[in-house]
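Visitor: I should like a close look at a single part of this protein, namely its cysteines and how they are placed. Please then set that part in the context of the chain as a whole.

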Amino acid sequence: MRYCVAPLEGLTGVIFRRIHHRFFPGADKYYTPFLSPSRDHVFTRREKREILPEYNEGLPVVPQLLTRRAEDFLWAANRLFEMGYPEVNLNLGCPSGTVTAKGKGSGFLAFPEELDAFLAEIFAGAQGPVSIKTRLGLREPEEFGPLLALFQRYPLAELIVHPRVQKDMYKNTPRRAYFARALADSPFPVCYNGDLYTVPALEAFQAEFPAAERIMLGRGLAGDPALARKAEGGPAAGREELRAFHDQVYEGYAGAFGSRRNAMLRMKEVWFYLIHLFGDSQRHAKAIRKARDTGEYESAVAAVFRELELLPELRPEW
């Protein structure tokens, strides 16, 4: 089985993925949080920190693009291919209202004729492989049938299916029957994404879909950084290992932001998921969430590692 890391905005950026790869090998690819190429055809300073090759040396990284203008996609994709990236991913899955209101992300799925024209243009002009991450549609899962037929007309490097619709956001149960249809009928590789948080869940998924060879891990890996390693037969994360991982990510953010307070705010996003790997953590989670300065934050984190039981598997409650 091949495991890749989902693009989680505010979490799986360059600092997190470099340190994660160092501590917890096992992921075959890391997808960047989406880049939004503009009509100016210039990468911003923030985007350059994510995608310049020197920041991702030794990492298997796939940049993800979010746009509905083929011209902008091709400029960014071909520039990324020139940098040496072997693949670029198109985001048709983001369910955020601010994104879908512009007809981007999963919002683009509501305009199949425009999407068809867009795909025709980018596959004619892209200088390297293009994969797609998609949802089933905007409102109803039945939208996926025509969309899948549309995708199958193009030479996708891979189709990553998150079997929810946009209006689900991250609620409701993923509709795996639609993933099964894509897996059975597609001429390109198909990857599954959605609500696989533990090794037993991964094993059950593989038993249900023995033909599946690719899984994208998102919130499960954010909560249990060793999930891909464990799935490959490696050890669970140890307390000291997790503490060292946390400290290096924290210091990495502090250096990048030039501010320990800003690093603390970003680490609170990490803890939103990571805290669920510890038992009886409600009081400690609140202390981290309510920390007003770095001293309070660091004290709360020390208490987690000193006082709480480290669970063998994640207990997601988000």
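Guide: Cys4 is buried in this predicted model, its relative accessible area being 6%. The closest cysteine sulfur to that of Cys4 belongs to Cys191 and lies 4.2 Å away, which is too far for a bond. A disulfide would require the two sulfur atoms to be within 2.5 Å. Seen from the other side, Cys191 likewise takes part in no disulfide, and its nearest cysteine sulfur is that of Cys4, at 4.2 Å. Cys191 has a relative accessibility of 0% and therefore counts as buried, the limit for that class being under 20%. For the structure as a whole, the number of disulfides is zero.

The setting of these two residues is a protein chain of 318 residues, of which 53% are buried. The secondary structure of the chain consists of 14 helices and nine strands. A compact globule with 318 residues would have a radius of gyration near 20 Å, and the value for this chain, 20 Å, agrees. Along the principal axes, the C-alpha atoms occupy a box of roughly 55 × 45 × 35 Å. Among contacts with a separation of 6 or more, 74% join residues that are 24 or more positions apart. The accessible surface amounts to about 14000 Å², and carbon and sulfur atoms contribute 50% of that area. As for charge, the chain carries 42 positive and 40 negative side chains, and the centres of the two sets are 5 Å apart.

Several individual residues show how the chain is arranged beyond the cysteines. Glu213 stands in the loop that joins helix H8 (199-208) to strand E9 (214-217). With a relative accessible area of 55%, Glu213 is exposed. Once neighbours within four places in sequence are left aside, the contacts of Glu213 are with Met1 and Arg2. Glu213 and Gly279 are separated by 66 residues in sequence and by 32 Å from C-alpha to C-alpha.

The loop between helix H12 (260-274) and helix H13 (282-290) contains His276, and Asp280 is found in the loop between H12 and H13 as well. Their accessibility is as follows: His276 is buried, at a relative accessible area of 12%, whereas Asp280 is exposed, at 65%. Residues up to four places away in sequence not being counted, His276 touches Leu311, Leu314, Arg315, Pro316, Glu317 and Trp318. Asp280 lies 10.0 Å from Glu307, C-alpha to C-alpha, with their positions 27 residues apart in sequence.

Helix H11 (residues 239-257) includes Arg243, a residue that counts as partly exposed at 27% relative accessibility. Arg243 touches Val301, Ala302 and Phe305, again without counting residues up to four places away in sequence. One of these, Ala302, is 59 residues from Arg243 along the chain, and the C-alpha atoms of the two are separated by 8.9 Å.

A further arginine, Arg45, belongs to helix H2 (residues 45-51). Arg45 is exposed, with a relative accessible area of 69%. Between the C-alpha atoms of Arg45 and Pro187 the separation is 38 Å, and the two residues are 142 residues apart along the chain.

Finally, the backbone deserves a remark in the loop between strand E7 (159-161) and helix H7 (176-185), where Met169 is found. The phi angle of Met169 is near 55°, a positive value in a residue other than glycine. Met169 is partly exposed, its relative accessible area being 33%. Asn172 is also located in the loop between E7 and H7, and its phi is positive too, at about 65°, although Asn172 is not a glycine.

To return to the part requested: Cys4 is buried, Cys191 is buried, and the 4.2 Å between their sulfur atoms is too far for a bond.

Terms used
Residues numbered from 1 in each chain as written. Predicted model: local features only at pLDDT ≥ 70, side-chain atom pairs only at ≥ 80, totals over all residues. Heavy atoms only, no water. Buried < 20%, exposed > 50% of the residue type's maximum accessible area, 1.4 Å probe, protein only. Helix = DSSP H or I, 4+ residues; strand = E, 2+ residues; numbered from the N terminus. Rg over C-alpha atoms; globule rule 2.2 N^0.38 Å. Contact = heavy atoms within 4.5 Å. Areas by Shrake-Rupley, 256 points an atom, 1.4 Å probe, with all protein chains shown as cover. Lys, Arg positive; Asp, Glu negative; His and termini not counted. Charge placed at Lys NZ, Arg CZ, Asp CG, Glu CD.
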